[in-house]
Amino acid sequence: MEDVESRRWRWLPPILWALGLFWFVTRPVVMPLPWQFPGMDKIAHALLYAPFGALMRRSIDDRVGPAGPGGQALAIVAIVAVTHGGIVEWRQSHVPGRSAEAWDVAADLAGALAGAWLLSVSRWARASGASR
C-alpha cells in the first residue's frame, strides 16, 4: 500500500506538464511556421494534451474509479483539461500573435481524454491478462 507522501509526489509530473504547457503556448508567436496547414494547431493541441491526460490518469488513485476504461477518473481528467485549456485560451487572447478559440479547448479535451483512456485501457488489459 502506498503512503500519503508517495501519492502526493505522483501528482508532480502532471503539474509540471501543465505549467510547461501554459508557459509554452502563451509565448508570443515570433514567426509562423512555413509548413503549416489548416487544422494543424488542433492536432498540436491534442498531441500536447494527450500526455497531460495520461499523466493525470496515472496520478488519480484507482480507488476513485474503476480500473477499466472509463469512470470517474476520465471525468476528472476532462474537467481539469477543459479548465486548463480555457485558462490557456484566455491568456492567449492577451498575447500578441496568439488567438483564443473554443475549438482549441475541444482539441485539448480530446487529446487529454485520448491519453487518459489509452492508459486506462492498457492498465485494464494488463490486469485482465494477469488474472487469467
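A patch, as the word is used here, is made of residues with over 30% relative accessible area and no salt bridge, and nonpolar side chains are joined into one when they lie within 5 Å. Keep that in mind as we walk through this structure, which is a predicted model. One such nonpolar surface patch covers about 610 Å² and is made by Trp9, Trp11, Leu12, Ile15, Leu16 and Leu19. Helix α2, residues 12-25, gives the most to the nonpolar patch, with four residues. Leu12 is a good one to look for: this residue lies in helix α2. Its relative accessible area is 35%, so Leu12 counts as partly exposed, and that value also passes the 30% cut-off for a patch.

Now step back to take in the whole protein. Its secondary structure comes to five helices and zero strands, and from the N terminus on the elements run α-α-α-α-α. The protein has 132 residues, of which 30% count as buried.

Where do the buried nonpolar residues gather? The largest nonpolar core has 14 residues, and those with the most contacts inside it are Tyr49, Phe52, Val77 and Ala112. Several helices build this core together: α2, α3 (40-59), α4 and α5 (102-130) each supply at least two of its residues. Helix α4 gives the most to this core, with five residues.

That makes α4 a natural next stop. This helix takes in residues 72-92, 21 residues in total. At 1.5 Å a residue, α4 should span 30 Å, and its end C-alpha atoms are indeed 30 Å apart, so the expected length and the model agree. Which residues of α4 are buried? They are Ala73, Leu74, Val77, Ala78, Ala81, His84, Gly85, Val88, Glu89 and Gln92. Seen down the axis of α4, these buried residues fall within an arc of 150°, so they line one face of the helix. There is a simple reason why such spacing can produce a face: an α-helix has 3.6 residues a turn, so residues three or four places apart point the same way. Turn to the face of α4 that points away from its buried side, and you will find the exposed residues Ile79 and Trp90.

Our last stop is a set of charged side chains. How many salt bridges does the model hold? The count comes to three. Lys42 is a good place to begin. Its side chain meets that of Asp41 in a salt bridge, at 2.7 Å from N to O. Lys42 is partly exposed, with a relative accessible area of 21%, and Asp41 also counts as partly exposed, at 33% relative accessibility.

The side chain of Lys42 also meets that of Glu101 in a salt bridge, at 2.9 Å from N to O. This pair links distant parts of the chain, because Glu101 sits in the loop between α4 and α5 while Lys42 is in helix α3, 59 residues apart. Glu101 counts as partly exposed, with 31% relative accessibility.

Asp104 forms a salt bridge with Lys42 as well, the closest N and O atoms being 2.8 Å apart. Here too distant parts of the chain are linked: Asp104 belongs to helix α5 and Lys42 to helix α3, 62 residues apart. At 3% relative accessibility, Asp104 counts as buried. Through shared partners, the salt bridges join Asp41, Lys42, Glu101 and Asp104 into one network.

Technical notes:
Residues are numbered from 1 along each chain as its sequence is written. This is a predicted model: local features need pLDDT of at least 70, side-chain atom pairs count only at pLDDT 80 or more; totals for chains, interfaces and linings use all residues. Side-chain values use heavy atoms; hydrogens and water are left out. The expected span of a helix is 1.5 Å times one less than its number of residues. Buried means under 20% relative accessible area, exposed over 50%, partly exposed in between (1.4 Å probe, protein chains only). The arc is that of the directions from the helix axis to the C-beta atoms. Patches are made of residues with over 30% relative accessible area and no salt bridge: like charges are joined within 9 Å, nonpolar side chains (Val, Leu, Ile, Met, Phe, Trp, Tyr) within 5 Å. Accessible areas come from the Shrake-Rupley method with a 1.4 Å probe; for residues, only the protein chains shown count as cover. A salt bridge is a side-chain nitrogen of Lys or Arg within 4 Å of a carboxyl oxygen of Asp or Glu. A nonpolar core is a set of buried Ala, Val, Leu, Ile, Met, Phe, Trp, Tyr and Cys residues joined through side-chain atoms within 4.5 Å.
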